[in-house]
Amino acid sequence: MEQTGVMVVISGFSGVGKGTIIKALMEKYKNYALSISATSRAPRAGEKEGVHYFFKTRETFEAMIQEEKLIEYAQYVNNYYGTPADYVFAQMEAGKDVILEIEVQGALQIKEKYPQAVLIFIAPPTAEELKRRLTGRGTESEETIQARLTQAAKESKNMDRYDYIIVNDKLEHCVEQLHELIQCQHNRCSYQNQFIEDMKEDLKIFLKGE
Ligand code: 5GP
């Protein structure tokens with residue numbers, strides 16, 4: 001069967017643990033590539049250019065939009081975030097399943113433009129648990145936690161536009177579910193055009209004489 005990689009969009013509320021899940025998935029299974037986004041926000045302590053993000057000025061980011069270098073982009077808390085196209089398509093052609101960890105507006109653009117992409121939303125078991133996880137980090141002020149919960153309430157309005165929801169209860173379980181779900185996508189007919197065409201062509205031989 002064909003080896004074209006799957007485009008995988010992963011979103012989830014701040015604090016739900018998407019970063020940890022994706023990291024664990026990529027450490028365990030080697031067939032994934034993580035898309036590195038461009039952003040106009042300033043690097044946080046410890047963030048590296050080309051590893052966490054490609055950091056751009058607003059002007060450079062806007063030039064990238066004009067030149068159609070991004071497959072989607074969005075403004076989030078007054079900054080631009082977007083997915084450079086080149087890397088994603090090169091990795092998919094090389095057979096890798098490419099993960100885009102992006103917010104909801106960008107995810108919906110992807111769904112519109114690339115219907116074969118799979119959109120997965122990672123949710124906490126309960127709203128209460130999300131609050132507990134955000135508080136438990138101990139690094140955020142009361143105000144920031146409140147802002148993130150407000151943002152989560154807004155984002156939840158679009159959860160039903162995703163293809164799948166995975167509940168992050170136990171890390172290991174969640175990683176396995178995610179992996180299985182992505183691997184199943186390879187069997188979708190939209191990823192098997194060549195296989196279907198070849199099969200149709202090869203079977204024609206049996207029609208001879210009819
Ligand atoms: P942060 O500033 O915390 O790194 O990211 C803020 C939000 O931007 C997160 O929800 C993250 O998933 C999202 N994000 C990161 N990269 C992209 C991107 O390329 N496109 C879109 N639409 N959102 C992104």
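A pocket is taken here as an open set of grid points, on a 1 Å grid over the protein atoms alone, with protein on both sides within 12 Å along at least five of seven lines. A molecule is assigned to a pocket if more than half of its atoms lie within 2 Å of the grid points of that pocket. In this predicted model, the ligand occupies the largest pocket.

The ligand is surrounded by 14 residues, with Ser37, Arg41, Tyr53, Tyr81 and Glu103 the closest. By class, this shell comprises 5 nonpolar, 4 polar and 5 charged residues. Domain 1 (1-31 + 97-210) and domain 2 (36-94) each contribute at least three residues to the shell. Among the secondary-structure elements, strand S5 (70-76) and strand S6 (79-84) each provide at least two shell residues.

Polar contacts to the ligand involve side chains of several of the closest residues. An N or O atom in the side chain of Ser37 lies 2.7 Å from a ligand oxygen atom. For Tyr81, the distance between a side-chain N or O atom and an oxygen atom of the ligand is 2.5 Å. A nitrogen atom of the ligand is placed 2.6 Å from an N or O atom in the side chain of Glu103. On its own, the ligand has 510 Å² of accessible area, of which the protein covers 88%.

Methods:
Residues are numbered from 1 along each chain as its sequence is written. This is a predicted model: local features need pLDDT of at least 70, side-chain atom pairs count only at pLDDT 80 or more; totals for chains, interfaces and linings use all residues. Side-chain values use heavy atoms; hydrogens and water are left out. A residue is near a molecule or strand if one of its heavy atoms lies within 4 Å of it. A polar contact is a pair of N or O atoms within 3.5 Å; within protein, one must be able to donate a hydrogen and the other to accept it, and residues adjacent in sequence count only if both atoms are side-chain atoms. Accessible areas come from the Shrake-Rupley method with a 1.4 Å probe; for residues, only the protein chains shown count as cover. On a 1 Å grid over the protein atoms alone, a cavity is a set of points where a 1.4 Å probe fits but cannot get out, and a pocket is an open set with protein on both sides within 12 Å along at least five of seven lines; lining residues have an atom within 4 Å of a point. Helices (H or I, at least four residues) and strands (E, at least two) are DSSP runs, numbered from the N terminus. Ala, Val, Leu, Ile, Met, Phe, Trp, Tyr, Cys and Pro count as nonpolar, Asp, Glu, Lys and Arg as charged, and the others, Gly among them, as polar. Domain bounds come from an automatic or database domain assignment.
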